[in-house]
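Colleague: I am new to this structure and would like a close look at one part of it. Could you take me through the side-chain contacts, charged and aromatic, and tell me where each partner sits?

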Amino acid sequence: MNRDFDVIVIGVGGIGSAACYWATRSGAAVLGLERFDLFHGNGASQDHSRIIRLAQHEEPYASLAPSAYHAWGEVEAEAGVPLVIRTGGLVIEEVRARAGLDTGSRNIAGYVTAFRDHGIEFELLDGDALVARWPQFRLDGDEQAIYQEASGLVDAGKANAVHVALARARGAQINANEPVLALRSTSAGVEVVTDQETYLVRRVITAADGWTNEILPPGAGRLPYVVTQEQVTYYATPNLAEFSPARFPVFMWHGRDNFYGFPVYGEVATKLGQHLGGHQVTARERGFEPDPVRVERQRTFLSDHLPGFLGPELYTKTCLYTIPPDQNFVLGPLPADPRIQVFIGAGHAFKFAGLIGRILADLALTGATSENIAGLGLDRPTLTDPSFVPTYHV
């Protein structure tokens, strides 16, 4: 039995690669185990870009957002590779379209409250003011918006590669194509069983998202989550200057359907996705074919509101969201064995990936974190009460 490591990280995507980095930075002997090739397209961490923003409408994410920027900055400084591109960011709400819908705090008022509570500067815009500044938009007249200048994008592919490279430079061993089959809790430590070897280790971090329930120890119970297949489309717009990062911000659109978009980056194309709405799958049995209904829904939205953003479809890429019933992260020690730290991203984690990797490493190595992760633990009622009815604020 292999006893060479202090910490094993399961899953070396956006979160797992960051956990490998931060754990090695703390001096631990680290092994990262990835089921597929590194930087694969089977999960949730691939592609060129993810939105990063201080614009959070609820806790603890509003408290974590500034620390996420700081964590990315530390990694950029060590690697000498830029990962965060600030474009400014818009949150746009269709007021009439959302009338009568249950939005919770996921609306302009919720964002404004969070900004003011945390002392973050922002601009509140009506539709006319928005179009005056960004004439690329076509609005109906009842929209409200927030602009926050620190918003932008994280280069997801580069970020994963940088975390892996820096972890290896500090001595981590990263094994691709070595699936974990099971975890076993023993008095001597946690046994990590793969298709190649069995390891005995003092601490484990799982960042396996939709694969989590397949590997948890017997008796730990199953976490309640669903896996959905989502997608984004790149459009080969002919209007490159108008949609360059210097002239067009990342945006989120809250209407009856919710969309998010990026300026030209990574490909010579713009990028749009719909937040949630994908069909339910499993991590093992997911497909890769885009949903044509959603492709057409996006095209209709862009034709109505951002016609210059459109162009020939370059490609549509699928990914997975792993969503607990309250749509919040799962972050913390496994109650059945606190030597195992668990993370599930709920479809909105990558912007926090560098920070979450640090939190997981701290929890694994010291049992504590200085960050506010209140309400994200595995013992919260929304995960333990079988009568809890999943809710989604549109």
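**Side-chain contacts**

Modeller: Phe329 is a good place to begin: this residue is buried, and its relative accessible area is 1%. Please keep in mind that we are looking at a predicted model. The ring of Phe329 pairs edge-to-face with that of Tyr61, with 4.9 Å from centre to centre and 80° between the planes. This pair links distant parts of the chain, since Tyr61 belongs to helix 2 while Phe329 is in the loop between strand 19 (313-323) and strand 20 (330-334), 268 residues apart. Tyr61 is buried too, with a relative accessible area of 1%.

Let us stay with the rings for a moment. The structure holds 22 aromatic pairs. One of them joins Tyr21 and Trp22: the ring centres are 5.1 Å apart and the planes meet at 70°, so this pair counts as edge-to-face. Tyr21 is buried, at 0% relative accessibility, and Trp22 is buried as well, with a relative accessible area of 6%. Trp22 has a charged partner besides: Arg358 lies over the face of its ring, 5.9 Å from the ring centre. A comparable arrangement involves Arg50, whose charged end sits over the ring of Phe350 at 5.7 Å from the centre. Elsewhere, ring pairs join Phe137, Tyr235, Phe243, Phe248, Phe251 and Phe309 into a cluster.

Now to the charged pairs. In total, the structure holds 15 salt bridges. One of these is formed by Glu74 and Arg25, whose closest N and O atoms are 2.5 Å apart. Glu74 lies in helix 2 (residues 61-79) and Arg25 in helix 1 (residues 14-25), so their salt bridge ties together parts that are 49 residues apart in sequence. How exposed are these two side chains? Glu74 counts as partly exposed at 23% relative accessibility, and Arg25 is also partly exposed, with a relative accessible area of 32%. There is a wider setting for this pair: a network of salt bridges links Arg25, Glu74, Glu78 and Arg170.

The next salt bridge is between Lys271 and Asp47, with 2.7 Å between the closest N and O atoms. It too links distant parts of the chain: Lys271 is in strand 17 (residues 270-274), and Asp47 is in the loop between strand 2 (30-33) and strand 3 (49-52), 224 residues apart. Both partners are on the inside of the 20% cut-off for buried residues: Lys271 counts as buried because its relative accessibility is 2%, and Asp47 is buried with a relative accessible area of 11%.

A further salt bridge brings together the side chains of Asp142 and Arg96, at 3.8 Å from N to O. Here both partners come from loops: Asp142 from the one between helix 4 (127-133) and strand 7 (143-148), and Arg96 from the one between strand 5 (89-94) and helix 3 (108-118), 46 residues apart. Asp142 is buried, with a relative accessible area of 14%, whereas Arg96 is exposed, its relative accessible area being 57%.

If you would like a route through the picture, start at helix 2, where Tyr61 takes part in the ring pair with Phe329 and Glu74 in the salt bridge with Arg25 of helix 1. Then turn to Trp22, which pairs with Tyr21 and has Arg358 over its face.

Key: Residues numbered from 1 in each chain as written. Heavy atoms only, no water. Salt bridge = Lys/Arg side-chain N within 4 Å of Asp/Glu carboxyl O. Helix = DSSP H or I, 4+ residues; strand = E, 2+ residues; numbered from the N terminus. Buried < 20%, exposed > 50% of the residue type's maximum accessible area, 1.4 Å probe, protein only. Phe/Tyr/Trp six-rings, centres within 6.5 Å; stacked < 30°, edge-to-face > 60°. Lys NZ or Arg CZ within 6 Å of the ring centre and 35° of its normal.
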